[in-house]
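Me: I am new to this structure and should be grateful for a close look at a single part of it. Please treat one helix carefully, and then place it among its surroundings.

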Amino acid sequence: MESKDLVTLAAQACDEKRAGDIVVLDMSDVSLIADYFLICEGSNERQVQAIARELKNQAEENGIEIKRMEGFEQARWILVDLNDVVCHIFHKDERHYYNLERLWGDASTIAVEGIEG
C-alpha cells in the first residue's frame, strides 16, 4: 500500500472513533522520519485509546505491519508507527502543549477525502 493510501486509511480509522482536529502533514520534503504525520486528538483517555485501537485493527485487517505503538497505557500521547506514516493521537490537553503542527511548520498540510479535520 502506498503511503498516501495508508494515511487515508489511518485518517478514516481515526475519524471512525470521532477523533478531533485530524491534521495530516506531508513530511516528504521536511524529514526522513516518515512521508506523513497524522495528528489528532481525543477528549479523554478512553477515547484516545479507542482511536489507537481502531487504527491498529484497521492496519492489521489490511495487512499493514505496526512498527511500534507507544503510550497506550497512559493515553496522553499515543504514537503509532506505520513506517511511512506516523500517527500521533493526543489527549486534547497534551496536543496544545506539544503543538507538533508548529514544530513541523515547514511541512504542508494535506486534505484527506471524507475527513473534516
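**Helix α2 and its surroundings**

Reply: Leaving aside neighbours within four places in sequence, isoleucine 66 is in contact with Lys56, Ala59, Val80, Asp81 and Leu82. The model is a predicted one. Isoleucine 66 belongs to the loop between α2 and β3, and helix α2 itself covers residues 45-61. From isoleucine 66 to leucine 103 there are 37 residues in sequence and 25 Å in space, taken C-alpha to C-alpha.

Helix α2 is made up of 17 residues, and the distance from its first C-alpha to its last is 24 Å, close to the 24 Å expected at 1.5 Å a residue. At the start of the helix, a side-chain oxygen of asparagine 44 comes to within 3.1 Å of the backbone nitrogen of arginine 46. Just after the helix, glycine 63 has a positive phi of about 70°.

The next matter is which residues of the helix are buried. In α2 these are Gln47, Val48, Gln49, Ile51, Ala52, Glu54, Leu55 and Ala59. The buried residues of the helix pack against α1 (3-16), β2, β3, β4 and β5 (85-91). Ala59, one of the buried residues, is also among the contacts of isoleucine 66.

Glutamate 54 of helix α2 deserves separate attention. This residue is buried and yet has no salt bridge. The nearest side chain of opposite charge belongs to lysine 17 and is 4.3 Å away, whereas a salt bridge requires the nitrogen and the carboxyl oxygen to be within 4 Å. With neighbours within four places in sequence left aside, glutamate 54 is in contact with Ala13, Glu16 and Lys17.

Another glutamate of the helix does form a salt bridge: glutamate 60 is paired with lysine 56, their closest N and O atoms being 3.0 Å apart. Glutamate 60 and lysine 56 are four residues apart in α2, so about one helical turn separates them. Glutamate 60 is partly exposed, because its relative accessibility is 45%. Lysine 56 is likewise partly exposed, at 32% relative accessibility. Lysine 56 is also one of the residues in contact with isoleucine 66.

This pair belongs to a wider set, for the structure holds nine salt bridges. Another of them joins glutamate 65 to lysine 67, with the closest N and O atoms 3.4 Å apart. Glutamate 65 is exposed, its relative accessible area being 54%, while lysine 67 is partly exposed at 45%.

A further salt bridge links arginine 76 with aspartate 93, and here the closest N and O atoms are 3.9 Å apart. Arginine 76 lies in the loop between β3 (68-70) and β4 (77-81), and aspartate 93 lies in helix α3 (residues 92-98), so this pair ties together parts that are 17 residues apart in sequence. Arginine 76 is partly exposed, with a relative accessible area of 25%. Elsewhere, salt bridges that share partners join Asp21, Glu41, Arg95 and Glu101 into one network.

Aspartate 21, a member of that network, is found in strand β1 (residues 20-26). Although aspartate 21 is not a glycine, it has a positive phi of about 45°. Aspartate 21 counts as partly exposed, at 37% relative accessibility. Asparagine 83, which is not a glycine either, has a positive phi of about 80°. Asparagine 83 is located in the loop between β4 and β5 and is partly exposed, with a relative accessible area of 41%.

The aromatic residues complete the account, with a count of five aromatic pairs. In one of these, the ring centres of phenylalanine 37 and tryptophan 104 are 5.7 Å apart and the planes stand at 85°, so the pair is edge-to-face. Phenylalanine 37 lies in strand β2 (residues 36-42) and tryptophan 104 in the loop between α4 (100-103) and β6 (108-110), so the two rings tie together parts that are 67 residues apart in sequence. Phenylalanine 37 is buried at 4% relative accessibility, whereas tryptophan 104 is partly exposed at 21%. In addition, Trp77, Phe90, Tyr97 and Tyr98 form one aromatic cluster.

Terms used:
Residues are numbered from 1 along each chain as its sequence is written. Side-chain values use heavy atoms; hydrogens and water are left out. Helices (H or I, at least four residues) and strands (E, at least two) are DSSP runs, numbered from the N terminus. Buried means under 20% relative accessible area, exposed over 50%, partly exposed in between (1.4 Å probe, protein chains only). Rings of Phe, Tyr and Trp (its six-membered ring) pair if their centres lie within 6.5 Å; planes under 30 degrees apart count as stacked, over 60 as edge-to-face and the rest as tilted. Lys and Arg count as positive and Asp and Glu as negative; His and the chain ends are not counted. Contact means heavy atoms within 4.5 Å. The expected span of a helix is 1.5 Å times one less than its number of residues. A polar contact is a pair of N or O atoms within 3.5 Å; within protein, one must be able to donate a hydrogen and the other to accept it, and residues adjacent in sequence count only if both atoms are side-chain atoms.
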